[in-house]
Each structure stands twice: as structure tokens, then as C-alpha cells.
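Here are some exercises to work through with the viewer open. Try each task yourself before reading its solution.

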Amino acid sequence: MRFNRFFILFFCALFAVSCGNKKKVITTKKNSEREGVITESSGNRKIEGVKPLEGTPKLPPVSPRLYTVEDYIRDFAAVAMEEMRLYDIPASVTLAQGILESGGGKGDLTMRANNHFGIKCHDWQGARVYHDDDARGECFRKYKDARYSYRDHSLFLTERKRYAELFDLDKDDYKGWARGLRKAGYATDRRYPDKLIGLIERYKLYQFDADVLKRPSPSYTYTPEEPESVTYRVKKGDTLYAIAKKHNTTVEDLQRFNNLRDTNIAVGQTLVIISPE
């Protein structure tokens, strides 16, 4: 009888310990959810919006030095056109912004984070990287696939009231969009609209708008402005992408005018900068 009583007590104690361990696991899971611990994949599921992204992921170029603006357009034109079909943002404008903001797909932020539009963290709960921009070490969104960057760009514009007036424009009014983006606060550079329009007309990006809308493609003659030449001495912490952005030019042009084989630069090095500014 005493043995049976001992056995029952031992069994109850073992059951209590087992229940306590299970309860502890559940509590930990709740705590991690309450703290907002979200993985990169779960962050990207949020970006997918209505339609999941299928097909081959878009990743940074394997050989950035050989990657041209034409290559960028070839790789992302279809992505921009799909975004136009879903969100009514001109593909020409999206592509021009992507080229400008990403340094033609070769910028540091693009290479490290697949971020083609320079969108900062704000209320972002996904993966992130830190990059020097207006201030040192600013937080930027990171994507596992560049197409998520394009989708996030579409959501960024459609979900903010300050851009609402842009969607009243004709769907192929790239000039109105370029000017409206700066007016709404997307960029502080006073030449931002001219840069977008220049890229659209130089590379005939308006053709992609016409393809989506099934309209005849317009024809424009691109007339570049007379460039101005200046020099810049590289300082500690400078990157080729940051210098290009500061002087309203591209990494590709800096490399071409300075005979640079890659993006490596040294403190004290003098760069020739050709800019329409």
C-alpha cells in the first residue's frame, strides 16, 4: 500500500514538471511575437500584397563593373510594367527612379540590400541594413529579392495621401509624375524631375507605358544639357555612390570619366565630375 502511494506521488510530480515545461515554451513564443521579432521572409510576405511574387528572383549583378543602364532596363522593364498594371504608376517613372536611386543597379545599398529606391525603415519590421545618406548610419529596408523592392515602392506611393494627386494624372504622363513626386516630398533635389525626365527620354522608357496601355508609342528627341566639369577630393567615409548622388551624377559616369575599373577609391584621390548641375 505504501509502495502504491509512493508510485502515485512520483507520477503526479512527473506530470506537473512536464506541464510546467510546456507552459514555458508557449510563454516564450508569445514574448517573441510581442517584441515584434519578424524574420526577413515574414517581412517580405507583408510586401507581397495582393499577388505573391513567383518566378526567378532578381538579385544584384554578378559583375557590377560590366553592368550598364541598358542591362538594368532589360532586367527590370517587365517588373516595372507589372507594377504599372497593378498600381497605375507609370513604368517609365518607376524604371527611371530605379536607375537613378540605385546607381544603375550598382549602388552600395542596392548591392547589399536589393533596395532600388532608397526607401528607409520608417515602420518597417523586416530585415534592414544601415547606410550613410543624409546622416550617418541611417536605417534602410532590405529585401531578399529586388522585385520586392519594386513592390514596396508601389505600396509606398499608393498608401500615402501626399501622393494621391499623382493618380489623377494620365497613366502615361511621366512629366507630370516626375514633377509631382518632388512636389509631394519624395526628393529634395530641385533637379529631380529633370533627371527622371532625362532618363525616360534618353532611354525611351515611355515605350513601356505605351505597351501596358496598348497605345502607340510617342517619339521624342533627347537633347542633353551641356555638362559642367568640376573636381572633388575624396574624404574619409566617401563612397562612389555617395559622391555620385551628392553631385547629381551616376556611378557609371564617375567610373568612365575617371578610368575606374571598379568602385574602389582612396582618401585624397581627386575625381573629375561631369554633371549637368
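The exercises below go from the overall fold to aromatic pairs, a helix, a pocket and a few single residues of this predicted model.

**Exercise 1. Overall make-up**

Task: Find how many helices and strands the protein has, and what percentage of its residues count as buried.

Solution: Begin with the secondary structure, which comprises eleven helices and four strands. Next take the burial: 42% of the 277 residues count as buried. Finally, turn to the contacts between residues at least 6 apart in sequence; 61% of these join residues at least 24 apart.

**Exercise 2. An aromatic pair across the chain**

Task: Classify the ring pair F117 and Y150 by its geometry, then say where in the chain each partner sits.

Solution: Let's start with the search, which finds ten aromatic pairs in the whole structure. For F117 and Y150, the ring centres are 4.9 Å apart and the planes meet at 80°. An angle over 60 degrees counts as edge-to-face, so this pair is edge-to-face. Now place the partners: F117 belongs to the loop between α5 (108-113) and β1 (128-131), while Y150 is in helix α6 (residues 146-158). The two are 33 residues apart, and the pair links distant parts of the chain.

Then check the accessibility, where buried means under 20%. F117 has a relative accessible area of 2%, so F117 is buried. Y150 is at 0% and therefore counts as buried.

As a last step, look for further rings joined to these two. Ring pairs link Y72, F76, F117 and Y150 into a cluster.

**Exercise 3. Another edge-to-face pair**

Task: For F167 and W177, give the ring geometry and decide whether each residue is buried or partly exposed.

Solution: Take the geometry to begin with: the centres of F167 and W177 are 5.1 Å apart, with 85° between the planes, and the pair is edge-to-face. Next, locate the residues. F167 is in the loop between α6 and α7 (174-183), and W177 is in helix α7, so the pair ties together parts ten residues apart in sequence. Now for accessibility: F167, with a relative accessible area of 28%, is partly exposed, whereas W177, at 1%, is buried.

**Exercise 4. Helix α9 and its cover**

Task: List the buried residues of helix α9 and name elements that cover them.

Solution: Walk along α9 (residues 206-213) and pick out the buried positions: Y206, F208, D209, A210 and V212. Then see what lies over them; the cover includes α3 (69-87), α4 (91-102), α7 and α8 (192-202). Finish at the end of the helix, where K214, just after α9, has a positive phi of about 55°.

**Exercise 5. The largest pocket**

Task: Describe the largest pocket by its volume, by the elements that line it and by the character of its lining.

Solution: The volume comes to about 1,200 Å³. Moving to the lining, there are 46 residues, and the closest to the pocket centre are E101, D133, D134, Y241 and K245. Sort the lining by element next: α4, α5, β1, α8 and α10 (240-246) each supply at least two residues. The largest share, six residues, is from α10. By character, the lining divides into 19 nonpolar, eleven polar and 16 charged residues. To close, consider the domains: domain 1 (69-213) and domain 2 (229-274) each contribute at least three residues to the lining.

**Exercise 6. Single residues in loops**

Task: Find which residues H122 is in contact with, leaving aside its neighbours within four places in sequence, and examine the phi values of D88 and K204.

Solution: H122 is found in the loop between α5 and β1. Its relative accessible area is 58%, so H122 is exposed. Beyond those neighbours within four places, the contacts of H122 are R141 and F156. F140 is 18 residues from H122 in sequence, with 8.4 Å between their C-alpha atoms.

Turn now to backbone angles. D88, in the loop between α3 and α4, is not a glycine yet has a positive phi of about 65°. With a relative accessible area of 32%, D88 is partly exposed. K204, placed in the loop between α8 and α9, is another residue other than glycine with a positive phi, near 55°. Its relative accessible area of 42% makes K204 partly exposed.

How values were computed
Residues numbered from 1 in each chain as written. Predicted model: local features only at pLDDT ≥ 70, side-chain atom pairs only at ≥ 80, totals over all residues. Heavy atoms only, no water. Phe/Tyr/Trp six-rings, centres within 6.5 Å; stacked < 30°, edge-to-face > 60°. Buried < 20%, exposed > 50% of the residue type's maximum accessible area, 1.4 Å probe, protein only. Contact = heavy atoms within 4.5 Å. 1 Å grid on protein atoms, 1.4 Å probe; cavity = no way out; pocket = protein on both sides within 12 Å on 5 of 7 lines; lining within 4 Å. Points joined across faces, edges and corners; volume = space filled by probe spheres on them. Nonpolar A, V, L, I, M, F, W, Y, C, P; charged D, E, K, R; others polar. Domains from an automatic or database assignment.
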